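Reader: I'd like to go through this one with you and ask where the labels come from. Can you show me what we're looking at?

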Amino acid sequence: HGQTIFHDSKNKITKQLGDGRLLSQLTQKKVIFDFRQNDLKNEGQGAPLTPIFHNVIVNKILKTELNNSSFVIILNIGGISNITQTINWDKFEKKNTYLRAADIGPGNCLIDDWIRKNSKENYDMNGEIAEVGKTDELVLNQALENFDINPPYKESLDIKDFDVSFVKGLTLENGTSTLTDLTAIQISKALNYFSNPKGKTICLICGGGRKNRYLMRSIMKLNEKIIFYPIDKFGIKGDFVESQAFGYLAIRTLLDLPITFPNTTS
């Protein structure tokens with residue numbers, strides 16, 4: 001979990017830290033690793049890998065907390081943001097291609113990079129720096145014009161696909177505010193694409209970005225028809241969804257069950 005140091009789906013290259021074979025030899029245990037390679041070899045993007053686990057979570061919640069007919073998406077705001085459009089488990093087992101997911105753009109990566117380069121902090125705690133800044137609308141609009149990440153979101157992304165050079169010259173606070181608003185707009189574009197066109201949509205938020213109050217307010221303001229909940233509300237710890245997901249993927253791998261699907265990684 002969190003070990004990918006380089007990912008380039010176009011050239012079928014993905015690198016993760018760690019040596020699974022050596023770990024297996026040292027522990028005398030089965031070790032499941034290198035989750036992305038098989039998907040890349042079969043014309044997939046190798047990411048995102050969490051959609052099948054997102055679908056498990058939502059179906060569990062639907063049975064206990066929500067209406068079973070609810071239209072639910074999961075938004076994960078990590079370094080990169082990704083969305084899973086979940087489906088009822090019965091439908092999944094009949095025709096799994098209806099499970100849809102994609103990387104949709106930056107999550108925390110632009111904000112974190114800017115903060116680290118311009119302060120002693122590692123990230124914008126609770127969005128407090130963005131809160132006191134003022135977004136530079138000219139810089140923001142120019143950046144949005146140059147961003148080429150749009151529906152139907154067919155390519156996986158890496159944090160190295162993005163840089164903060166376009167806000168160079170802004171103050172720490174104004175740069176943070178501008179980057180946070182850019183991130184919110186990109187996420188909102190994808191939320192509109194993946195939400196229910198005929199009725200209400202429930203969106204569960206996980207990942208570190210859910211703690212950025214400024215970012216979350218901006219996203220919710222741009223998507224007033226969507227009902228947002230932090231995934232923690234349903235007894236699931238939002239910081240550990242991804243690590244739990246890879247445990248689940250390991251079990252599916254041991255059982256010789258698929259972990260990626262045509263409409264989630266390609």
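Reader: How do you know that β4 and β5 pair, and in which sense do they run?

Author: A quick word first: this is a predicted model. Strand β4 (residues 80–85) and β5 share six bridges in the antiparallel sense. Pairing takes at least two bridges, so six bridges are enough to call β4 and β5 a pair. Within that ladder, Thr84 sits opposite Ala101 in β5.

Reader: What packs on the sheet there, and what angle does α8 make with β5?

Author: Helix α8 packs on the sheet and touches β3, β4, β5, β6 and β7. The direction of α8 makes about 165° with that of β5. Helix α3 (residues 51–64) also lies across β3 (72–77), β4, β5 and β6 (201–206), and runs at about 130° to β3.

Reader: What is the strand order of the sheet?

Author: It is an open sheet of five strands, ordered β5-β4-β3-β6-β7, and the pairing is mixed.

Reader: And what makes β5 and β7 edge strands?

Author: Each of them, β5 (100–106) and β7 (226–230), pairs on one side only. From one strand to the next, the twist averages 20°.

Reader: Why is β3 called largely enclosed?

Author: Buried means under 20% relative accessible area. Six of the six residues of β3 are buried, so the rest of the structure largely encloses this strand. Val72, Ile74 and Asn76 point one way, while Ile73, Leu75 and Ile77 point the other way, and all are buried.

Reader: How do you know which strands β3 pairs with? Start with β6.

Author: Five bridges link β3 to β6, and these two run parallel. Ile73 is placed opposite Cys203 in β6. There are also five bridges between β3 and β4, which run antiparallel. Asn76 has Asn82 of β4 as its bridge partner. The cut-off is at least two bridges, so β3 pairs with β6 and also with β4. β3 and β4 form a hairpin, with two residues between them.

Reader: Why are α5 and α8 called roughly antiparallel?

Author: Helix α5 (residues 109–118) and helix α8 (residues 172–194) pack at an angle of about 170°, their axes 9 Å apart. Anything over 145 degrees counts as roughly antiparallel, so α5 earns that label against α8. On the α5 side, the contact is made by Leu110, Ile111, Trp114, Ile115 and Asn118. On the α8 side, the residues include Leu172, Leu179 and Leu182. Sorted by class, the contact of α5 with α8 has seven nonpolar, five polar and no charged residues.

Reader: Is Thr264 buried or exposed, and how do you know?

Author: Thr264 has 2% relative accessibility, so it counts as buried; the limit is under 20%. This residue is in helix α11 (residues 262–265). Leaving aside neighbours within four places in sequence, Thr264 is in contact with several residues, among them Pro48, Pro51, Leu99 and Ala101.

Reader: What polar atom pair involves the side chain of Thr264?

Author: A polar atom of the Thr264 side chain lies 2.9 Å from the backbone oxygen of Phe261. The cut-off for a polar contact is 3.5 Å, so this pair falls within it.

Reader: What makes Asp19 a cap for helix α1?

Author: One of its side-chain oxygens is 3.2 Å from the backbone nitrogen of Arg21, at the N-terminal end of α1 (residues 20–27). Just after α1, Gln28 has a positive phi of about 55°.

Reader: Why point out a positive phi at all?

Author: Because most residues other than glycine have a negative phi. Lys12, in the loop between β1 and β2, has a phi near 55°. At 35% relative accessibility, Lys12 counts as partly exposed. Asp256 has a positive phi of about 60° and is found in the loop between α10 (241–254) and α11. With 69% relative accessibility, Asp256 counts as exposed, since the cut-off is over 50%.

Reader: And which residues does the cis peptide bond join?

Author: Pro151 and Pro152, with omega about 10°. Pro152 lies in the loop between α7 (137–146) and α8.

Notes
Residues are numbered from 1 along each chain as its sequence is written. This is a predicted model: local features need pLDDT of at least 70, side-chain atom pairs count only at pLDDT 80 or more; totals for chains, interfaces and linings use all residues. Side-chain values use heavy atoms; hydrogens and water are left out. Helices (H or I, at least four residues) and strands (E, at least two) are DSSP runs, numbered from the N terminus. Buried means under 20% relative accessible area, exposed over 50%, partly exposed in between (1.4 Å probe, protein chains only). A polar contact is a pair of N or O atoms within 3.5 Å; within protein, one must be able to donate a hydrogen and the other to accept it, and residues adjacent in sequence count only if both atoms are side-chain atoms. Contact means heavy atoms within 4.5 Å. Axes are lines fitted to C-alpha atoms, for helices over the stretch in contact, and angles run from 0 to 180 degrees between N-to-C directions. Angles under 35 degrees count as roughly parallel, over 145 as roughly antiparallel, 65 to 115 as roughly perpendicular and the rest as oblique. Ala, Val, Leu, Ile, Met, Phe, Trp, Tyr, Cys and Pro count as nonpolar, Asp, Glu, Lys and Arg as charged, and the others, Gly among them, as polar.
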